[in-house]
Amino acid sequence: MNTSRSGSRQDLLRAGLSHALNLGLPLLFVVMPILSFVMVSFWTLRDGQILLIPTLANYRAFFTEGSYLPVYLQTVGLSLQVTLVNVALSTAIALFIFRRPPRMRFLILMSFMLPLFMSYIIKVYSIRSILGQRGLLNEAMLGLGLIDQPIEALLFSRTAIFIALAVLYLPYAILPIYLALDRIPANYLAACADLGATPLQTLRDVVLPLGRPGIAAGAVFTFILTFGDFVTPQMVGGTQGFTFGRIVFSQFGLALNWPLGSALAVILLVTTLLAVALAGLSIRREHVR
């Protein structure tokens, strides 16, 4: 009896410890930092000192002062543009991989995933070397006779930011879309062929509808990563690379205005959560249909 009781106690302790770790670690490293940002966003900055005086002035400043709201809207528009382009390209690439023989799929997929194993800074500088005045792209167009002189607007411009963000975050959209397509049962495609469906009809009526969860996940990943990125716009955009992420970064760095920076960070977080919620809602509606 004593042995069985001690064994059951140990099982209970192990189960309790496991649940405590499963709940405690996310609370400690995810929820608590977010709650701290939310708390600081309601504090007051006066004469360079942070005072524990509740205020909505930091959120009011986002709507009424400076260029916070216009830059926010511009960043949302840029992120949406990158997301649309990346989803279209990633869907085409994922379909190409999906239609290859099973032995080739992994190799092709890994070739697109290789940039994920590289340093972020190296990838950004590689893009700068391609888009620069004497970069690979300008030199190629000069060699082909397409242009008479290098195009300066390819670097340190909004176009450079768009290209860099699209290239950097393309793998994050390819992977979930391909995984969604890879889960489509082969007998579904065989049934379409037996029923006389054309490849276009199979793609439209079977493959893309079943791949929508992956497409939605790829879109969310791309939007969230591009919306919060502040390093890439700074390194390839120059003076044109003033995005919302850079504003948030500057409040914690140069301005040392932690309450306002926290408020802007909360707005950034709410925007990303809204994007996730909209993607989840669209997937649920498709399942209901």
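Which helices do the buried residues of H7 pack against? Let me start there, and with the caveat that this is a predicted model, in which local features need pLDDT of at least 70, side-chain atom pairs count only at pLDDT 80 or more, and totals for chains, interfaces and linings use all residues. Residues are numbered from 1 along each chain as its sequence is written, and side-chain values use heavy atoms, with hydrogens and water left out.

To the opening question, then: the buried residues of H7 pack against H3, helix H5 (120-131), helix H8 (170-182), H11 and helix H12 (231-237). Helices here are DSSP runs of H or I with at least four residues, strands are runs of E with at least two, and both are numbered from the N terminus. Helix H7 itself covers residues 158-168, and Ala160, Ile161, Ala164, Leu165, Ala166 and Leu168 are its buried members. By buried I mean under 20% relative accessible area, by exposed over 50%, and by partly exposed anything in between, with a 1.4 Å probe and protein chains only; contact, in turn, means heavy atoms within 4.5 Å.

Next, the annotation. An unreviewed UniProt entry gives "transmembrane region" for residues 21-45, 78-98, 105-122, 160-181, 214-236 and 256-281, and it also places "domain: ABC transmembrane type-1" at residues 72-279. These positions are in the numbering used here, feature names are shortened, and such annotations may be inferred rather than shown by experiment. In the model, the span 72-279 is 76% helix and 0% strand, with its end C-alpha atoms 21 Å apart. Residues 78-98 are 100% helix and 0% strand, with 30 Å between the end C-alpha atoms, while residues 160-181 are 95% helix and 0% strand, with 32 Å between theirs.

Now to how H3 meets H11. Their axes come within 8 Å and cross at roughly 145°, where axes are lines fitted to C-alpha atoms, for helices over the stretch in contact, and angles run from 0 to 180 degrees between N-to-C directions. The crossing is right-handed, a term used when the near helix is turned clockwise from the far one by less than a right angle, anticlockwise being left-handed. Among the residues making this contact are Tyr72, Asn86 and Thr91 of H3, together with Ile215, Phe223 and Phe227 of H11.

Some of these names return in the nonpolar core, by which I mean a set of buried Ala, Val, Leu, Ile, Met, Phe, Trp, Tyr and Cys residues joined through side-chain atoms within 4.5 Å. The largest such core has 20 residues, of which Phe62, Tyr72, Phe227, Phe244, Leu264 and Ile267 touch the most other members. Helix H2 (57-64), helix H3 (68-98), H11, H13 and helix H14 (258-288) each supply at least two residues, and H14 gives the most, with eight. Leaving aside neighbours within four places in sequence, Leu264 is in contact with Phe62, Tyr68, Phe244, Ile247, Val248 and Gln251. Thr272, also in helix H14, is buried at 8% relative accessibility and, with the same neighbours set aside, touches Ile224 and Phe227.

What of H13? Seven of its nine residues are buried, so this helix is largely enclosed by the rest of the structure; Phe244, Arg246 and Gln251 are among the buried ones.

The aromatic rings come next. Rings of Phe, Tyr and Trp (its six-membered ring) pair if their centres lie within 6.5 Å, and planes under 30 degrees apart count as stacked, over 60 as edge-to-face and the rest as tilted. By this rule there are twelve aromatic pairs. Phe37 and Phe252 form an edge-to-face pair, 5.7 Å centre to centre with 90° between the planes, and the pair links helix H1 (residues 2-40) to helix H13 (residues 244-252) across 215 residues. Phe37 is partly exposed, at 35% relative accessibility. Phe227 and Phe244, by contrast, are stacked, 6.0 Å centre to centre with 20° between the planes, and they link H11 (residues 212-228) to H13, 17 residues apart. Phe227 is buried at 0%, and Phe244 likewise has 0% relative accessibility. Ring pairs join both of them with Phe62, Phe63, Tyr72 and Phe223 into a cluster.

Lastly, two backbone details. Asp47, although not a glycine, has a positive phi of about 55°; it sits in the loop between strand E1 (44-46) and strand E2 (49-51) and is exposed, at 75%. Leu256 also has a positive phi of about 55° without being a glycine, lies in the loop between H13 and H14, and counts as exposed at 53% relative accessibility.
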